[in-house]
Every structure is written in C-alpha cells, then in structure tokens.
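The following exercises are to be worked through with the sequence and the structure at hand. Each task is followed by a solution in steps.

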Amino acid sequence: MGSNSSNNSGSNSGRNPASDLPQDSRRETAEKVLPAVQHSVDLLSVRQSHAFWIASVARALAVIVLLIGGFVFTAGFLDGAYRTAVSRLSDMGSGTAAGFLFGGLALYLQCLEPGKLQRVGARICAALLLLLGGVNLLLASGPAYPIPGAGFSYYVHPASAIAFILAAFTLALHDRRIKTDRYPAEYLACAIIVINLVALLGYAYRLDPMMRLLQQHSVPLPSAVTFIFFGAGCLMSRPTHHLMAIVVRNAPGGQMLRRSLPQMLALLMLVDWLVDWGARLGYYDFHAVAPMLTLINCALILLIFWRTAARVDQEYGARIHNAAALAETTALLIAVSDNTHDPIFVKDSQGRLIFANPATLKQFGKSWDKAIYRHSRDLYPDAAEAEQIDREDRDIMNSRQSETLEQTLHLPTGVVTYQTTKAPWLDKRGKVLGVVGISTDITARKLAEDSLRERESQLEKTVIERTTLLRELTNHLETVREEEKQSIARELHDNMGASLTALSMHLETVYKLFPDEDKWIDRKGRIQTLLNALVATTRRIQTELRPNMLDLFGLKAAIVEQLDELSQRSGLICKASMPDEDVTVGHQMEIAIYRMLQEILNNVTKHANATRIDVILDVDEDRLALTVRDDGVGISEERRSNTTTYGLRGLRERATFFGGNVEIRANGAKRGTTIAIEIPLAPPTGL
C-alpha cells in the first residue's frame, strides 16, 4: 500500500465495518499484528546472527593466511640475522609463502560482497595457485628439485603442492552447486584440512611417516597450520552452504555441533597426547595405551554426550513452550488477519510482498501464489501509484518511524481510498527488514466528505447571492430614504421657508400698527424671537435631512459645517483634520460617510459626556479612513460587542456595504473612545 493524496472520484466498493473504528483502535490492531510477525522471524534472525559471526571469522582467517604468507615471503629477502629470528617459519619456504599470498587474497575476496571485480580477482589467484601447485608437483619427481637446508628456498612439499591444487579448485568451485544440493568446494576444503591435520598430528606424536606423508621430507609445521586455517576459512566463508548450514542452524544438531564437538575434539586430542606422552616417559607400557585410551575416550564421550543430551532436552522443553506461545500468537495473527476487512501486509526491504491477508489479496484480485514475492509494479495497475508506494515505503524504512497515510488507488475492484498505518519492520539488532502495514477502507467517508464539501460550496454560493441581493435592497432603501429626505428638505426650503419669509415681511408691516406702548413692544420682541427660533429649527431640520453644503461644496465642507454646528449647539471643542486635496469618492460614499459621522457625533453628545472631539479624514490611493476620537467616559466591552444596538450596528452595516470595517476601541489609559472607519475606494463586487 502507498500514498496518493488525490480525492476519491470512484464509486464505493461497499461499506467496510472496520472503517468505523477510530484511529486508536486501528493502531491497537496494528500493534497486535506487528509483534506476531516479528516473533515469526526470530529463528531466522538467530540463524543470521550465527552466519554473520562465522563469516567474520572466515575473513579473519583469510587475513591471517595473507599475513603469514606475506611475512614469510618478505623475510626471504632479508639477511642472515633476520632469518635466524624467524628460523621456524623458514621451513615453509618462499614458494609456499607465495601460494598462501595468492590463496589468502582469493579467500578474502570471496568473503566480500559479490562483485565483478572480486570474482575476477579470485579467479586469477586460483589460476596462479593451480599453476604453482602443478609445477611444483611435476618438479618433485625431477633430479634437480631444490630441497630445504640453507636459508629460504622456493621448495614446496609435494603434499603442500597437492593442497594448493585442491585450494585452487576450492576457490574456483566455491559457489558451484550440484543437483543434490551439495557444494564440491566444501569437500575439497575438508580434504585440505585432513591432509594437513595428519601432518600436524605427526608433529604432536613425533611420528615421521605422518609428518612426511609418504614423502622424503617432512611437511613444514607452519605450512600445515596455515593450510588448516585456509581450509577452515573456505568452509566458514559460505555459512549457508550444506555443511556449514548444519552448524549455523538453530536446530539441536547445529547446537550440538557448535557446543559439544569442539569440546569433545579438544579433550580427546589432549587426553590422547597425554597418554602417549606418559608412555614415552616410561610411566607405563605401550601395551596399556590402547585400553587406557578406550576407557578414557568412552568416559569423555559419555560425559559430553550425556551433558549435551540434558541441555538439548532442556532446550527442547523450552522450545516446546515457545512453540505453544508461537502457535497461540500465530492463531491470533491468523484470526486477526483472516477475519478482518482491513488489508494487512508485510514487505521486505526490496519492496516485495511476503505476507498478505485475504483482504489484501482481494483488493489485488490475485491468489496467494500470484501475489507472493511480487513488487508493487506487478500488483498495482497504475504505474505512477506503484512508484509512489515504493517511494513512501523507502522513506518509512529510512526514517524508522511509523506513519499514517491517506491514499486513493485505482484497483481492479474500482477506485478505493484507504487510510494506511505503516511501520518499519526491525529485527533484534535493529536492522530494517521491511515494512508492515494495515489499511482501512474510508471510501464511504470520503464520498460523504466530498458530498458535504459540495453542499458547503452550494450553500456558500447561495449566501453570497443572498448577500448581494440584500446589499442591493439596502442600497435601494438607502437611496429611497435619501431621496425622501431630499424631498422633505426641499419642501421645507421651498414651502416652509417661503412662508416664514412672507410671514416675517407681513409682521414687519403689522409691527408699525402697534401702539407705542411697553406691552406691545414686549410682545413684538416675543413674536420675533419665536419666528427666529422657528426659522432656525426649520433650517436645522433641513440640514439634517439633506445637507446643502454636501451637495454644493463636497464632503470636507459638510464635515466642517457639521462640527461647527455641533460646537455651537453643545459647546464641545471640535477639531477637524482634513486632507489638503479635494475628496472625490462618489456621491453614495459621501452620503454614507456623512451619515456615519452624524451617528457618531450624536452618540458622543448623548452618552460620552465629553468635552472634546477630534475628527480625522484620511484618503489615499485605495482607501478612505475616518477616525473620531473623544475624551469622554469611554465605552465598555459589553457595549462594543453588542450587536443589537441600532447605532453601532448601523455603522457596521453601512461600512460593510462598501466593503469596509469599523473598529471601536478604548483610548488605553486615557479617557475616551476611538472609532475608526476604513472603506476601500474600489467598490466590492456586486455594487
């Protein structure tokens, strides 16, 4: 499984009950499955650890052989004083040392990772070994063949020459297998060990025939030991081949070979040597050697095998217990994997599928035989999705962190969306073996989310359309109201104003008819005062309904006039800060700004208990800002957030109509309130 973040556009392949599980439940299921899979490879991990250890010993033996050969070969060119220091190694001879150089180098190359360069180098060294052994074996029958005696020589013992020929074939056939699953190189390596072990035992028991191996001269002791190292290295360099695989296995046979065989061989050889040494010193007759060896060897073999049998029996009991636990865990794994609708899968480090439950096989539309050990490109129809899956698997293995991914895949059953939890598969040493994952079909949920998203989009579109209609209606109502105010103001100006002017003129004539008495003079003053108040009230109502200054001289003059009128009427100190240039923002916006300022000033007069008002008008390329600041008692947070107050709500509605906003805030530590209105000069869409 992998990840593809595209939305699902296919049909639902059926409701998955497991998809209703919360993510925590799916994680718990994954946590149950992962230990079971991990436990099923414990034996393989143990075997791999033994193989790694044995292969490391093989490399060490190859280095030892290489060092011995190089040391002896180099010492052959030294003077007499240094030759005396290494007199024991001088028996090997420079020719034999050269053979060990070739053999050690070839063995070390065989222990490395397989490559073209390593294979070519090993074959060249094997050919040189074969040439060296063959030439020395042919020369051994010649009359002028050099023999050891004075310093170093190129003499090679015939048994060593035969061992070199066997070593050459061992290296050449190292990985060649015959039909019965056997490797000839293993038996050739054993032959090298046996030949030189005979010579080594001859030195241990001082038996010349065994040291000479039916030849005229004895096999040099360093040569015999080095050949044994070489043969053991050849065997250990391939721990998975037939003979070494028996030792590597965690089965009872492998455990017995690893634990008991070295002890038994060492004890038998030590006892045999001690018995022979005692007979040579005359402690007992040589005729008693055979019975003593038989008795002691039988006792040792009985003791070792009895001890080994007890340990094997103990481990067998523990293995039976572990097998029962493993069977229980395996049964749980099978129950979880086979009875769930969620795909569960395991991949190795190369991306091959090595475990899949029936749900996983069903989504691929393949049987177990056709899906096992297949890569993603062989399982998924879409090549791009398969590449994405492999890339995410590699990322999880590299990061060593579990991850939950959402993926939409084109499968034979249709387009399906999964939520997949993946985790790296690690062995006991922390090595990454692959990826383990569990998926949940969330196709139905994705379809529901897509449907909900589509409905939200439709609802948002409807809200935008209705908002546009409401704005148009508000604009129409505002226009009608302004026209009505303009009509009323015109009537007041044309009719009421003319009537009051005519009345004033008529009263001037009537005043002349009044007697020149104090009571009539007082009445004349009262009548004139009432008439002047009526004219002023009419003019104020007319200005509030439709300011002539706004129509004649623009927004700046109308604001100044409004502040002057407020200052005269209420006694407040009103200061205005206006831009130097003319303000041209459109008739509708001018009316809105004037009405908003009118509403703010009315609120300050009624509620602020202020003594000073500052009005700042600022216009730049793309916005208009009106700021009104007073030094009154301030406004509370509750009143600022109150949406039912008609005055404040009216301010916000007027600003919103033009795409602007209103900010009401307290003046910090100072008294008073600041109201900032900001409106873009470009009208919003729909106006």
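**Exercise 1. A buried ion pair**

Asp 393 and Lys 422 are joined by a salt bridge whose closest N and O atoms lie 2.5 Å apart. The model is predicted: local features need pLDDT of at least 70, side-chain atom pairs count only at pLDDT 80 or more, and totals for chains, interfaces and linings use all residues. Residues are numbered from 1 along each chain as its sequence is written, and side-chain values use heavy atoms, with hydrogens and water left out.

Task: Which elements hold Asp 393 and Lys 422, and is Asp 393 buried or exposed?

Solution.
1. The criterion for a salt bridge is a side-chain nitrogen of Lys or Arg within 4 Å of a carboxyl oxygen of Asp or Glu.
2. Asp 393 lies in helix H16 and Lys 422 in strand E4 (residues 414–426); the two are 29 residues apart, and the pair links distant parts of the chain. Helices (H or I, at least four residues) and strands (E, at least two) are DSSP runs, numbered from the N terminus.
3. Buried means under 20% relative accessible area, exposed over 50%, and partly exposed in between (1.4 Å probe, protein chains only).
4. Asp 393 has 4% relative accessibility and therefore counts as buried. Lys 422, at 0%, is buried as well.

**Exercise 2. Salt bridges of Glu 387**

Task: What are the N to O distances from Glu 387 to Arg 391 and to Arg 394?

Solution.
1. The side chains of Glu 387 and Arg 391 form a salt bridge at 3.8 Å, N to O.
2. Glu 387 also forms a salt bridge with Arg 394, with 3.7 Å between the closest N and O atoms.
3. Glu 387 and Arg 391 are about one helical turn apart, because 4 residues separate them in helix H16 (residues 383–399). An α-helix has 3.6 residues a turn, so residues three or four places apart point the same way.
4. Glu 387 is partly exposed at 39% relative accessibility, as is Arg 391 at 34%. Arg 394, at 39%, is likewise partly exposed.
5. The whole structure contains 16 salt bridges. Elsewhere, Glu 406, Arg 445, Lys 446 and Glu 449 are linked in a salt-bridge network.

**Exercise 3. Surface patches and helix H5**

Task: Which residues form the positive surface patch, and which form the nonpolar one?

Solution.
1. Patches are made of residues with over 30% relative accessible area and no salt bridge; like charges are joined within 9 Å, and nonpolar side chains (Val, Leu, Ile, Met, Phe, Trp, Tyr) within 5 Å.
2. Lys 116, Arg 119, Arg 123 and Arg 176 make up the positive patch.
3. Arg 119 belongs to helix H5 (residues 116–139) and is partly exposed, at 44% relative accessibility.
4. The nonpolar patch consists of Val 120, Ile 124, Leu 128, Leu 131, Val 135 and Leu 139, with about 500 Å² of accessible area together. Ile 124 is also located in helix H5.

**Exercise 4. The span of helix H9**

Task: What span should helix H9 have, and how far apart are its end C-alpha atoms?

Solution.
1. The expected span of a helix is 1.5 Å times one less than its number of residues.
2. Helix H9 (residues 221–236) has 16 residues and should therefore span 22 Å; its end C-alpha atoms are 23 Å apart, which agrees.
3. Buried residues in H9 include Phe 227, Phe 230 and Leu 235.
4. The C-alpha atoms of Leu 235 and Ala 55 are separated by 9.4 Å, although the residues are 180 apart along the chain. Ala 55 lies in helix H2 (residues 42–75) and is buried at 17% relative accessibility.

Notes:
Accessible areas come from the Shrake-Rupley method with a 1.4 Å probe; for residues, only the protein chains shown count as cover. Lys and Arg count as positive and Asp and Glu as negative; His and the chain ends are not counted. The place of a charge is taken as NZ of Lys, CZ of Arg, CG of Asp or CD of Glu.
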